[in-house]
Every structure is written in structure tokens, then in C-alpha cells.
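Colleague: I've just opened this one and don't know my way around it yet. Please walk me through it slowly.

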Amino acid sequence: MGGAVDLTWSSEEEAFREEVRGWLEANLPKENKALGEDEFDDDPASFEFRRDWQRKLGEAGYLAMHWPKEYGGGGRTLVEQVIFNEEYAKANAPQPVNSLGLNLVGPTLMTHGTEEQRKRFLKNILTADEIWCQGYSEPNAGSDLAGLQTKAELVGDEFVINGQKIWTTLAPFGDWIFVLCRTDPEAPKHQGISYILCDMHQPGVEMRPIKQMTGTSGFGEVFFTNARTPKDMLVGNLNDGWRVAMTTLMFERGGNILGSAVRFRRMMSQLRELAENTKRNGGSAIDDPVLRQELGRRLVEVEILRRNSERAMSPLLHGESPGPESSMGKLFWSEWYVKATELAMEILGTDGLVNKQSNAWLLEYLAARASTIYTGTSEIQRNILAERVLGLPRGGRN
Amino acid sequence: MDFRLNSDQQALQSAAKDFLRKEVTSTVVRAAFDSPDGDSPELHKKMAELGWLGIAVPESLGGLGMTVIEQAVVCEQLGYVNAPGPYFATACLAIPTLVAFKAEDLLAPLLDGSKRATTAINLDAVPDAQIADAVAHIAGGKVTWYEKDALEITPKPAVDGTRRFASVRITGEGRELGSSEELEFARTPGPARTVDVLAALLCAEMVGCMQWALDATVQYVKDREAFGRPIGVFQAVQHKAADMLVHTESSRSAAYYAAYAAANGLEDGRFAASVAKAYCSDAVHSVTGESIQLHGGIGFTWEHDAHMYFKRATTNRILLGDASFHRDRALELDPAR
């Protein structure tokens with residue numbers, strides 16, 4: 001190991017950063033037409049804009065940085081991914097449109113899929129010709145995901161799927177969905193589940209958008225009524241889908257740990273500008289003693305988000321297992337996001353209540369309410385910290 | 001890029017841990033807590049023999065020549081055992097003050113443990129002046145060194161029996177060390193000054209304090225049963241414990257970044273110190289307070305150690321600027337402004 005705690009990058013690493021920065025400056029469309037995150041973006045024009053952007057990234061070798069080259073990925077090291085993602089977040093570049101395909105399905109097929117499945121799907125994930133959705137949550141299985149009820153039965157050479165998925169991100173644009181299905185109803189809860197790929201364009205699959213509290217419909221419900229998919233669309237072994245699903249979740253780790261730290265640091269600067277430019281009591285809102293202290297809290301926390309991320313990343317960069325701080329990231333940033341947007345609304349006063357194009361804070365404020373729910377609610381995150389990091393006895397779940 | 005301690009630092013951490021957990025038992029802390037002056041002279045001598053008074057003091061001035069990071073490593077372990085005595089006042093207040101003015105002759109007796117000292121910002125409440133042989137006093141833009149015989153020192157009854165305060169009246173002549181700039185929290189961005197280093201070290205001690213409170217609480221809620229089960233199965237308890245963990249680990253990130261920025265003279269050193277002190281001051285109060293809460297009735301007793309950590313937390317969150325002071329300063333120093 002090196003001389004001391006060292007938060008600098010080597011000259012080769014800095015050179016790569018320069019290369020990425022230069023490319024983004026030259027290629028990022030001047031007008032960002034993306035609405036926001038996948039979770040809220042239901043605008044077809046925004047969608048096509050982000051599809052084009054994904055293809056451009058792919059042509060430059062900056063897409064799927066973590067995929068091996070043989071599958072069309074960037075074949076980059078974790079250090080390079082981290083640097084790329086940091087610059088990407090700094091540039092406020094829009095997310096590639098096929099995020100679930102790139103981050104979840106692709107890596108899962110590389111780990112658990114067959115060679116035929118890789119050949120069939122990976123290229124179209126990269127080109128965004130097939131958009132992927134995640135069929136995990138159900139009306140009665142969210143935090144308790146293993147309680148899922150959607151069934152798949154093997155009939156001849158096909159699985160026949162019946163059931164319902166919900167909160168399905170990107171559903172309005174989806175072409176394919178990876179579905180967790182119960183394939184052995186007699187087995188204990190975590191067993192008897194299979195991970196199956198299914199074409200969404202068929203009579204047995206019906207998609208209904210769900211209007212969110214933001215007014216947009218970034219997710220939807222997906223109904224399966226005797227939907228059919230060939231038996232070779234099974235990923236991993238029959239009834240071993242829980243293990244496959246858990247490795248899929250692991251792929252959300254690693255490379256983008258710094259992304260949220262950078263994104264929210266930018267938001268903090270905007271929040272500060274807002275406070276400086278908003279009149280309050282004959283001066284600026286930033287001079288209001290109460291608001292100023294609240295701004296100070298958010299500033300301090302967003303700095304710590306950065307330092308926590310660097311700590312969480314350190315063992316990974318050196319090929320070691322993550323420490324306890326890695327499990328805190330999602331809880332910390334999502335709760336920061338809620339508090340920061342709440343503060344923006346307080347600073348804005350009645351201006352914040354008007355839903356107009358120029359008031360991006362209102363959408364952020366509403367959107368923040370999803371962040372403490374998706375990919376594991378804050379309550380589930382605290383359970384994980386208590387049980388898996390602190391080693392407290394498992395509570396009321398089994 | 002690596003935010004972990006290197007192997008030498010880890011070795012120091014483990015040596016400090018072994019030494020302190022053996023030497024500074026609850027009995028030792030309580031003896032100081034209940035003593036007339038809060039002193040623990042034997043412990044102080046042993047730490048001097050280990051060279052711990054001068055961890056970050058340059059070798060040319062008689063120290064070990066390591067960095068603020070190594071000193072933070074030791075301070076964290078001192079916080080974990082709630083070490084009593086004049087170490088903090090001497091090694092984390094007076095010695096860095098003397099180093100800032102390169103007062104080699106005054107340093108020598110402090111480094112070998114034969115004398116102890118403290119630094120006074122407010123003469124009405126000087127940390128551990130009642131067990132100090134000398135006081136560095138900051139006033140009127142200058143720092144002046146006073147030996148005990150030039151002072152009238154009156155101990156005060158303090159909330160933390162192991163970190164006390166005395167009022168100091170100057171009755172004799174002192175030795176002027178220089179401009180007090182190093183001991184004032186600058187309101188313009190730049191590399192850490194001495195006072196920012198002091199704040200970073202205090203934060204490291206608070207991290208150790210939080211880690212003890214967390215460890216003790218986790219053990220207790222695993223062992224204590226109610227309704228036929230360990231209370232650690234209940235989510236109301238689990239979620240408090242999880243928040244204690246988040247506060248402790250986040251404080252650790254902030255404290256060690258402040259130490260790193262100071263050790264390397266980074267431009268955001270002052271900012272990093274205020275970020276750390278603002279966060280740790282609130283976190284240490286919350287974590288040691290929740291520790292009492294989760295221990296229930298036993299946590300409120302004199303017999304249990306939880307109250308001593310809560311009282312140390314109560315003291316440390318105020319020393320060297322409280323959270324609201326440092327939040328305000330962080331906003332002024334924000335490098336992304």
C-alpha cells in the first residue's frame with residue numbers, strides 16, 4: 001500500500017480524466033432535452049434524445065464501461081469507470097436510455113446467461129434497439145420481494161406466465177422484461193423462483209402507465225395473461241432465480257458510487273445560488289439566520305456524502321470487499337435529497353408553489369419523495385445496516 | 001486514490017488500541033472522574049514515554065515527525081476509552097500552539113511529560129488548566145505563554161469529570177510567542193491553520209467516543225431481552241442503531257478527511273475542519289444520547305459508563321466552536337462558491 005491516506009489520482013488516471021472531459025465538452029448536445037431520471041421521464045422526445053445520446057456514447061467507446069470488450073463494452077478498469085462517471089456527472093450528461101439493460105441485464109447474462117442469450121441480447125442493449133424493464137415488484141411484494149406471486153409454468157417448449165408486476169420503470173417504452181416468477185409453488189419462499197426473459201410485444205402482455213405524483217408516468221404496471229416465452233429464455237437454473245436476482249442487484253454497486261455525490265454537490269451549489277438570489281426580510285434568504293443554518297447543514301452533509309463515497313470506493317479500487325460505509329450511501333443521499341429540495345421550497349416561498357417551466361425545484365421536490373422508496377426503502381436500508389453490518393438479530397421478517 | 005489507513009497507520013492504530021484498552025479501564029477513568037482535579041498522572045507519563053505527546057511534532061523540534069493523520073488515529077483510540085488527564089490539553093492544544101511558534105525550549109518538557117500545559121481562548125473556562133503547569137493565552141492578536149506562578153487558577157465544577165475547566169487570572173509576566181493568527185478561525189479559504197488542526201483532532205476523539213457508544217449499545221441490545229426476545233430484533237431499536245452507525249461512520253469520513261487535508265496543506269483545509277466539527281458536534285451528541293436511551297434505566301445510572309461518554313460529548317461539541325458556528329463558517333469557506 002502507498003505512503004498514506006491518499007486521495008489523489010495518478011498522472012495516467014488524470015490523463016484519462018482529461019480525455020473524457022474533452023470528449024464530453026465536444027460531444028454533449030448543447031441543449032439538454034432530457035427531462036430527468038428514468039423514473040419520471042415519459043416524454044417521447046426526451047426518450048429519443050437519450051437514445052441518440054446512448055448511441056453516440058457507444059460509438060465513442062464510453063458505453064457499458066464495465067462490460068468486457070468481447071461483448072461490445074468499454075473493457076475499462078474500475079478506476080476508469082469511477083473517473084468517467086465522475087466527469088459524466090459533473091458535465092450533467094443525460095442518462096443513457098437503456099439503463100436497466102446496461103446495468104442489470106447485460107452483466108447478469110454475462111454471469112449467468114448462455115452464449116446464445118448473450119449473442120441474442122447484448123448487442124441490442126448497447127444500441128438501445130431493445131429497451132429493458134425490470135419485473136421485480138408486485139402489488140403484494142415490494143420490500144418483501146421474495147413474496148412474489150407471478151407464476152411461470154413450463155408447457156412444452158415454453159414458459160406460460162401469469163401475474164402482475166408493478167412500479168416497472170421504463171414500462172411505457174419497454175421491449176423486453178426480465179421477470180422473477182414462481183416456478184415451484186411448493187418450495188420455501190426464496191426457493192422456487194426463476195429469472196425469465198420475456199418479450200413485451202405480445203397479446204399476453206399488457207402495459208398500463210401509472211401516473212405518478214409528479215404528473216408524469218415514468219413507470220407502469222405489466223399484466224401477464226398466458227404470456228409465452230421460449231424455455232431457453234430462462235437465465236441460470238430453474239428455481240435458482242433468487243440467487244440470479246441478488247447478483248443482479250450487486251451490479252448496481254461500484255463504478256458509480258461517486259455519481260450521486262457529484263450530482264448532489266451540484267444541486268447544493270444551485271441551492272446556495274437560489275438562497276443568494278431570493279429576497280427575504282429586506283435582504284437575501286442566505287442571510288436569514290434560520291435558513292442559513294439549514295443551508296449549512298446541507299452543505300456539511302453533501303461534503304460528507306463525498307467523503308463517505310471515497311471511503312466506500314477505496315477497497316473496491318484495490319480489489320477488496322466493501323466496508324460498512326458502502327451500505328449507507330443510498331440512505332444518506334436519498335434523505336439528503338428530500339431535505340435539500342424541501343429547503344429549496346422554503347426559500348422559494350409562494351414562487352415555489354407555481355408549476356412553471358422555470359421552477360425545476362418543484363419537480364425535484366416531488367421526485368425526491370420516490371428516492372427514499374425505490375431500490376430499497378429507507379426503512380429496509382436501516383434494517384440492512386442493523387442486521388448485516390451491526391449484526392443485530394433478524395426481526396419480523398423471514 | 002485510497003482513503004484507507006496505510007499499513008504503518010494501521011499498526012499504530014492497533015498498538016494504540018491494545019495499550020489504551022489495557023491501561024485505561026473503566027476503573028481508571030472513574031478514579032479520575034471522581035478525583036478532585038480529574039488528573040491521571042501515571043497514564044500521562046506512559047503516553048509521553050510512547051512519544052504520543054509529539055506524534056505530529058517535527059523531529060527537528062523533538063517530536064516523532066509523523067502527520068496529523070497519525071495523531072488523529074491515536075486521538076480516536078483515546079476517545080474510545082474516554083481517556084482522562086491532560087493529554088488533550090497538552091498534546092492537542094498547547095503543543096500544536098508551541099509548534100506554530102517553533103518554541104523548542106518550551107516544547108521539550110511537555111514532550112517528555114515532565115510538564116503539562118493548555119491553551120486559553122476564554123480565561124473564564126480554560127480546559128484542564130487546574131492540572132496544567134503553563135497556559136498559552138490568546139488575546140489582542142497575540143499569543144502569550146504564562147508559567148503557573150504567573151497565574152491564579154481556580155478550578156470549576158465541570159460536567160465532565162475527566163475534562164474540566166478552570167478560570168485563570170493573570171497575575172505575573174508572560175512570554176510573548178507571536179501573532180495569534182494561527183489560533184483564530186480564519187473566515188477566508190485556505191490551508192488549515194493550527195486551530196483547524198486542533199478541531200480535526202477533537203473530531204477524531206469524538207469518533208472514538210461514538211464508536212464506543214455504538215459498540216456498547218449493539219452489545220446491550222443483543223443481550224437484553226424483553227417480551228422473550230433480544231430487544232435488538234425490534235425495528236424501533238434497529239433503526240436507532242442504524243442511525244448511530246451512519247452518524248459514526250460519516251463522522252469518521254469527515255474527521256479523517258480534515259486530518260488528511262491538514263497533513264497535506266490542501267487549499268480546503270479550513271473548510272474541511274469546519275465541515276468535520278459541524279457534523280461531529282451534532283453526531284456525538286446524538287449517538288451518545290441514543291446510547292443512553294437504548295440502554296434504558298441502566299443507561300441513566302452513575303454506575304454505567306454511558307453517562308461519562310455523554311458528558312465528554314457535551315464538552316467536546318462546544319469546545320473549539322459549536323456546530324452552528326462551523327456551519328456558518330463552512331458556508332463562507334465553501335470552495336464551490
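Modeller: Let me begin with a term: two strands pair if DSSP finds at least two bridges between them, where strands (E, at least two residues) and helices (H or I, at least four residues) are DSSP runs numbered from the N terminus. Residues are numbered from 1 along each chain as its sequence is written, while chains are lettered from A and ligands numbered from 1 in the order in which they are written. This is a predicted model, in which local features need pLDDT of at least 70 and side-chain atom pairs count only at pLDDT 80 or more, whereas totals for chains, interfaces and linings use all residues.

Colleague: Okay, so how many bridges join S4(B) to S7(B)?

Modeller: Four bridges join strand S4 (residues 142-147) of chain B to S7(B), and the two run antiparallel; within this pairing, Lys142(B) stands opposite Ser179(B).

Colleague: And what is the order of the strands in that open sheet?

Modeller: The open sheet has four strands in the order S1-S3-S4-S7 of chain B, with mixed pairing. Its edge strands, each pairing on one side only, are S1 (117-120) and S7 (175-179) of chain B. On average, neighbouring strands are turned by 20 degrees against each other, direction ignored, with axes taken as lines fitted to C-alpha atoms (for helices over the stretch in contact) and angles running from 0 to 180 degrees between N-to-C directions.

Colleague: Which helix packs on the sheet?

Modeller: That is H5(B), which touches S1, S3 (134-139) and S4 of chain B, and whose direction makes about 65 degrees with that of S1(B). Touching, or contact, is counted here between two residues whose C-beta atoms, placed from the backbone, lie within 7 Å.

Colleague: What about S6(B), which strands pair with it?

Modeller: S5 (residues 151-156) of chain B pairs with S6(B) in the antiparallel sense over six bridges, and in S6(B) the residue opposite Glu152(B) is Arg169(B). Strand S2 (residues 126-127) of chain B is joined to S6 (residues 165-170) of chain B by two bridges, also antiparallel, with Phe165(B) as the bridge partner of Pro127(B).

Colleague: Let's zoom out. What does the domain assignment of chain B give?

Modeller: It gives domain 1 (7-183) and domain 2 (194-333), the bounds coming from an automatic or database domain assignment. The C-alpha centres of these two domains of chain B lie 22 Å apart, and 27 residues of domain 1 are in contact with 29 residues of domain 2. On the domain 1 side of this contact, H4(B) gives the most, with 10 residues.

Colleague: Where do the two chains meet, and how many residues does the contact take from each?

Modeller: The contact takes 40 residues from chain B and 43 from chain A. On the chain B side, helices H7 (194-223), H8 (235-263), H9 (269-295) and H11 (323-333) each give two or more residues, and H8(B) supplies the largest share, 14 residues. That side divides into 23 nonpolar, 10 polar and seven charged residues, where Ala, Val, Leu, Ile, Met, Phe, Trp, Tyr, Cys and Pro count as nonpolar, Asp, Glu, Lys and Arg as charged, and the others, Gly among them, as polar.

Colleague: How many residues has the largest nonpolar core?

Modeller: It has 219, and those with the most contacts inside it include Ala200(B), Cys203(B) and Ala255(B); H7(B) gives the most to this core, with 19 residues. Such a core is a set of buried Ala, Val, Leu, Ile, Met, Phe, Trp, Tyr and Cys residues joined through C-beta atoms within 7 Å. Leaving aside neighbours within four places in sequence, Cys203(B) is in contact with seven residues that include Ala255(B), Ala276(B) and Cys280(B).

Colleague: Last topic: is Asn92(A) partly exposed or buried?

Modeller: Asn92(A) is partly exposed, with 13 other C-beta atoms within 10 Å; 20 or more would make a residue buried, 12 or fewer exposed, and partly exposed lies in between, with C-beta atoms placed from the backbone. Asn92(A) lies in the loop between H3 (78-90) and H4 (99-112) of chain A and has a positive phi of about 55 degrees although it is not a glycine. Thr375(A), also not a glycine, has a positive phi of about 40 degrees; Thr375(A) is found in the loop between H10 (360-371) and H11 (378-389) of chain A and counts as exposed, with 11 C-beta neighbours inside 10 Å.
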